[in-house]
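Student: Can we go through this one together? I'd like to start at the metal site and then move on.

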Amino acid sequence: MTSLTSEEPMRTDFTNRLKQHGGLVALAVILIFNILVTPNFLQAQTLAVNISQVATIAIVAMGMTLVIATGGIDLSVGAVMALSGALAPLIFLSDFGTTYPVLGLLAALFFPLVAALVCGLFNGAIVAVLKVQPIIATLILFISGRGIAQVLTNGNLQTFSNPEFSYLGTGKILGFPFQGWLAIAIACLLFWLVNRTIFGRYLLAIGGNERAAKLSGGPVRRVKIGAYVICSVLSGLAGLIVVAINSASDAARNGNLMELDAIAAAVVGGALLQGGKAPIFGAILGAVIIQLVKYTLLANGVEDEVALIAKAVIILAAVYIQQARKE
Amino acid sequence: SGLPPLEQKDRYKVGFAQMESNNPWRIAETKSFHDTADSCGWDLIATDAAGSAAKQVADVDSMIAQGIDVLFLPPREEKPLIPAVKKAKAAGIPTFLVDRSVDPNAAKPGEDFVAFLGSDFIDQGRRVAEWTIENFEGDKGVIVQLEGTTGSSPANDRKKGFDDRITQDSRFEIVASQSGDFARDLGRQVMETLLQAHPDVNIVYAHNDEMAIGAIQALELAGRKPGQDVLVVSIDGTRDALQAIIDGKMGVTVESSPFFGPLACETMKRYAAGETIEPWVQVKDRIFTPENAAKHIDEAY
Amino acid sequence: MLDQNAFDLRKYISRNPQSVAVWIALIVLIAFGLMRYDNFGSAYNITSFLNYNAMFIAISVGMCFVILTGGIDLSVGSVAAFTSVVAAYLSPYGIEVAMPLAILSGVAFGLFNAICIVYLRIPPFITTLATMLGAKGGSLVISGAQTISVDWGSNFTKLGMEKAFDVVPWTIVLVAILVVALWIVLEMTSIGRTILAVGGGEDASVMMGLKVNRAKIFAYALSGGCAGLAGVFLASGFGAGQPLEGVGWELSAIASVVVGGTLLTGGLGSIPATVAGALLLGLVFNILNFENGKGWISFSAYWQMVIRGAFLFAVILFQTRVMNRNTVVGQG
Amino acid sequence: MAPLLAMSGIKKHFGGVPALRRASLEIEPGEVHALIGQNGAGKSTLIKILTGLYRRDEGDIEFTGAPSHLTSPREAQETGIATIYQELNLVPLRSVSENVVMGQEPRSLGFLINWPEAHRRTREILSRFGIDIDVTAPLGSYSTAIQQLVAIARAVSMDAKLVIMDEPTSSLDSSEVEILFSVVRELKSSGVSVLYVSHFLDELFQICDRVTIMRDGQTVGCETIADTSKLDLIAAMLGRDAEEIAAEGLTELSGGKQDFEEIVLQVDKVSTGPRLTDFSMTLHRGEIVGLGGLLGAGRTEAARSIFGLDPLTSGDMHLKGAPYEPTEPAEAIKARIGFLTEDRKAEGIIPHMSVRENLTLALLPHLRKSGQIDLEREKALVEDFIKQLGIKTAHMDQPIRELSGGNQQKVLLARWLATKPDILILDEPTRGVDVGAKREIQTIIRNFVDEGHAVILISSEFEELVEGANRIVVMHEGKAVSELTNPGITENALVRALAHHEEPAL
Ligand SMILES: Nc1ncnc2c1ncn2[C@@H]1O[C@H](COP(=O)(O)OP(=O)(O)OP(=O)(O)O)[C@@H](O)[C@H]1O
Ligand SMILES: Nc1ncnc2c1ncn2[C@@H]1O[C@H](COP(=O)(O)OP(=O)(O)OP(=O)(O)O)[C@@H](O)[C@H]1O
Ligand SMILES: [Mg+2]
Ligand SMILES: [Mg+2]
């Protein structure tokens, strides 16, 4: 702040800042509206509810932000959630899982994430090695990933009661949902990854100018695959959280339409679809805005169909503010 | 223009055009048809329209092209499936509608299709309302309603049946009615939110058991005691719901049985034998309450 | 008048290797179906298949124009649902009123997209994503969240349910006219070529003095109009306006366009190949339904999803193989 | 007679940086008018303002006697101004015909494009330039020279009152240049004016009537060609005294040791595809080897092959005696080779990354410290280079896109110097940078070889090659065809070698 020269007139400086923080402004507007209108908004429980609901979108949106930073997009996140979510109960409800509960629990956390990682490798390889356009490349798993999950479970809803596993979704630390802390921890880790590591530097460079990055010796393929893998693993984690909250895994529903929410959150948070930017905390901000819009409309009894239109307007407005910043 | 006849034979090529497979109820229904196939002498072609009425019509078309003898069709929507019914008739294939019907102004049982096999969604909603009116003990019933998929006929009908009956009693007030898309996860999220906005709620009516279970989870997460300070009522009769009733967390669920296979087989055989089938083969929906839940839980899906 | 080279097969193959892949795949799949299933080639199956897929062909060719400019249109499914409701409401006035007005309502959504993209400079992906939500909400609002019955008394349902001269369903006739017209627009009119040029290099097109904004607006409006037509097919073929339809149509349209060999970055692509792509993807469903009749995979519907994904993967693999062999200029 | 075009007092800023400050230009009907000036003087900007591609901040334009307020190239075309922009602005994916006729395509029935007629017309237009190609093929499948001629053909076919050519000859060989000149003379004789921008001053004396000189965004003079000399023009462009220039030579590259023994790189009969079919060269420690050739001669491909970007289809390379066949840039960088690419925008800078991040991009693997980037070292290093190379930036975290071209180029040069390479391949290192920066960059290159490293220099500026390189490998159509050795190379000798690719008499 102090390093800025004072040559620019105050006013442009102010409007510039406003644009830079379009997301924060939108957030403030929504918060003020809610405080004034929505009953019982200023309660710790409201905060807890919103945190628990936003965590999964935020986690997936952060992964999506990395993929978008490379200039790609990942439509398969919802399907990956379904897949990893379907695997976990399969594992801890299996004979092995019931005989060795602790090992079963660990395996139920580990193997679904491995499966998600494989999905990420698959996406990344098609994009980076076969050079297929990301929308189409990830459409493959978008279509068949959920099918695989349903084949594995024969389409059945798997319900269970496993308090240890459910801690992922229902546990609390200092009164706030565990998955909220988890999202923050992941955000810090990814922020570090993007801003302090070589991987992160290459990631942004590839999105900014892929040919230049390659000519400077950047491991373009590996970094791209890495981004898809991280996105998939985070989606897998989000899938586990959803299953944990519900004490049930529903392969048909888990992560349904998540790709749209995650992309919208990432873009509202400041990601550029052409790549080169990875605002991790922006993704969280975007997810929070989308969540709050949903909450506001629901809590005030706005009908579903009107809520859709409101959501459309807000996404357009938020992106327009972001966009104005670039000109 | 009478109904196409059905000859009596050992094996039938039977089409079952399922509308979607994204909830346990539909899955149980499809499974019921598959389970019945062997004993009833069916060579079953089962398709899945993935939630699209248009695709369901196309699926029926491809079954007609394959020359099925009988069609069982749970129409996704009342109106858009009418062409499918008419095409089947034109191709000489007797059609039985299952679990949902089509617009009676455009296609009639006994004329365009043989019969409708199923329950009455409006009546299901009404029965939930009646049980609630009888069994609610407080002075003032503050109701949150979790609706099914916006625009779907069970959602519309279950809402209508319940709303019409419950508003006749001035003790009750519906303070919020929002869609949970028939899904557990969304039911929970919507309930969490509505609970914040309307902390005084003491009755939750969900259009299906999945959302009811989601609501129970939301209540528990918020530190409420479902069954004690909040009454949860719903429709379907799933195993999880019956368990919740046994555990005292839920008040009632009106059965909406997905096990149509045996009924379909029986009705088809009657029709082949030349019987005139009643236009609406009613399914007897039971009602599961704390009194009988334990007895029936093993039959539930 | 026609470009004589359009019919030089060898040149076509060497310049459009990706499009060739889709034709080969289509022929192989049809041959497979004919050999394996009875009645697969029956007139009933062919007409009902084309009748149903007319909607997807319409939105795919519209999408093709948008993608050729280097954009994308995610709103087509919702817009088709919206216009089906509009058409259903207008059906008492007959097809000659309902169809143009419903198509116009689709064009209106397309114009809205175009304004946001061209003048407000909001990226196409986000603009059309928002329109997708908005159109869905809008169709639920105007329909009161119900399916809206058409007027069976007027001539409106003739379009979707009757045959021209008792031979070919009107829907197919109409979509064939649309495809040919758009093919001509793309290949032989100035706006069509401008759209190709814009996708091939927007800045260059500006400097060449081409009407770039007009071309983009045209493409999005056209895509909206095609979605509008699909909505008319939907209402008239199924007797109802359906606010809940159209889910996922945008992705299958995009897939049809790309499988047809059109570059998602724009500038290179073809209408007939897009139609082939739409038919190819639609054929997978048809074949799966017939396969069901054989009793192999019918036990779970989920296998069908897996198979569809795997099939898309196979087509893409095939395409990249073909393309690697005939390197296309200007790619990579 | 009133001038056809009169521009006066034109001002233009790009984000606070002035590109034009009081530029003016007057063109008479039927004259061929030259516009010259150093890189960045503002020539292209002035043209883009004229054609409505940019909006002017201030100033007046009159065309055919009336005030002109064009807002798009399309309007410019409609009022009779046809332009060939400096950056080839055609659509490579589309056919040659389309690139020529789009915007005024022949129609039948009023709305359908008449393709046979379009092809016929395209062939006819191109035949004036002596080109006979398949006009239905994608433009991108042809060489840059053909593309350049197609762009010219498009502009000339437009029935304009004024044809603007911004550096039309930069990718043409001498016979093609001759054809262009005859077309220009034809235009002139039919009363069409031509605005001709070129760095090749000799050309101006052949075809131009008058010349306008620009410097630092201002018009500093307008002369009749017949009354001036090449040296005068250079002096006016640079804003310096003519004699002084004559005395000191034009580049900073000259000098350095003359005897080289240790071979660092040996390239033998390498080919990577149709654009590089037979390339051999030897590079010694402490030496600058130039690659000479016209655009499209395959110089960039030669550089790419050494840097592991295009796999070899035949031939081999040896680096310090050991066999060397890199498969990707990372390997070449590990082997201590750096490659400054010719296209700064497409292959060099990462626009919204900072100067610091751009500068250390190739060095990243060496900046790793306990799993992350050693920011302290990074900053110190960048600080050092900014000082050493005199990079003008507000601070090291300024986005590189905000820097001027010359400073961007210095950052990219620093990117490679930071990796401490043994061999640096420089492809057009001074293209598009201003006079001052150019000299500084040349000094940096000189110092680098004086430290005992080696440089492969690709440049289209003959002075730079002739005065800078110890040897020049002349390339033609993907082959190394001859070699010139300093001292003794003259521009004439080089031109002759290029034009006839035969050993010139020394
Ligand atoms: N779009 C732009 N944005 C920012 N700066 C620009 C832009 N276009 C040109 N400039 C700047 O304006 C100045 C004049 O550029 P211009 O291209 O007109 O020079 P020129 O005389 O044509 O040079 P050359 O001989 O290299 O073509 C340069 O400093 C350049 O960096
Ligand atoms: N695949 C391609 N398709 C179309 N044009 C190409 C292709 N590859 C190269 N070119 C064009 O050919 C031109 C010349 O190629 P090349 O880079 O080999 O020449 P050069 O001798 O290095 O010229 P210079 O370095 O002076 O630009 C390039 O500038 C580019 O515009
Ligand atoms: Mg210039
Ligand atoms: Mg080059």
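Student: Is D:Glu342 buried, exposed or partly exposed?

Tutor: This is a predicted model. In it, D:Glu342 has a relative accessible area of 27%, so it counts as partly exposed.

Student: And why does D:Thr300 count as buried?

Tutor: Its relative accessibility is 18%. Buried means under 20%, so D:Thr300 falls in that class.

Student: What coordinates the magnesium ion (ligand 4)?

Tutor: D:Thr300 does so through OG1, and D:Glu342 through OE, which is listed twice. The distances run from 1.7 to 2.8 Å.

Student: Where do the two residues sit in chain D?

Tutor: D:Thr300 is in helix α10 (residues 299-306). D:Glu342 is in the loop between β18 (337-340) and α12 (344-348). They are 42 residues apart, so the pair links distant parts of the chain.

Student: Why is the arrangement around the magnesium ion (ligand 4) irregular?

Tutor: Because the angles subtended by its six donor atoms range from 49 to 175 degrees.

Student: Switching to ligand 1. Which residues come nearest?

Tutor: There are 14 residues around ligand 1, and the nearest are D:Gly40, D:Lys43, D:Ser44, D:Thr45 and D:Gln86.

Student: Which element gives the largest share of that shell?

Tutor: Helix α1 (residues 43-50) of chain D, with three residues. By class, the shell has eight polar, four nonpolar and two charged residues.

Student: What about polar side-chain atoms and ligand 1?

Tutor: One on D:Thr45 lies 2.5 Å from an oxygen atom of ligand 1. One on D:Tyr54 is 3.3 Å from a nitrogen atom of the ligand.

Student: How much of ligand 1 does the protein bury?

Tutor: 66% of the 630 Å² that ligand 1 exposes when taken alone.

Note on methods
Residues are numbered from 1 along each chain as its sequence is written. Chains are lettered from A and ligands numbered from 1 in the order in which they are written. This is a predicted model: local features need pLDDT of at least 70, side-chain atom pairs count only at pLDDT 80 or more; totals for chains, interfaces and linings use all residues. Side-chain values use heavy atoms; hydrogens and water are left out. Donors are N, O and S atoms within 2.8 Å of the metal (3.2 Å for Na, K and Ca); water is not among the atoms, so sites may look incomplete. Four donors count as tetrahedral if all angles lie between 85 and 135 degrees; four count as square planar and six as octahedral if opposite donors are over 155 degrees apart and all others between 65 and 115; anything else is irregular. Helices (H or I, at least four residues) and strands (E, at least two) are DSSP runs, numbered from the N terminus. Buried means under 20% relative accessible area, exposed over 50%, partly exposed in between (1.4 Å probe, protein chains only). A residue is near a molecule or strand if one of its heavy atoms lies within 4 Å of it. A polar contact is a pair of N or O atoms within 3.5 Å; within protein, one must be able to donate a hydrogen and the other to accept it, and residues adjacent in sequence count only if both atoms are side-chain atoms. Accessible areas come from the Shrake-Rupley method with a 1.4 Å probe; for residues, only the protein chains shown count as cover. Ala, Val, Leu, Ile, Met, Phe, Trp, Tyr, Cys and Pro count as nonpolar, Asp, Glu, Lys and Arg as charged, and the others, Gly among them, as polar.
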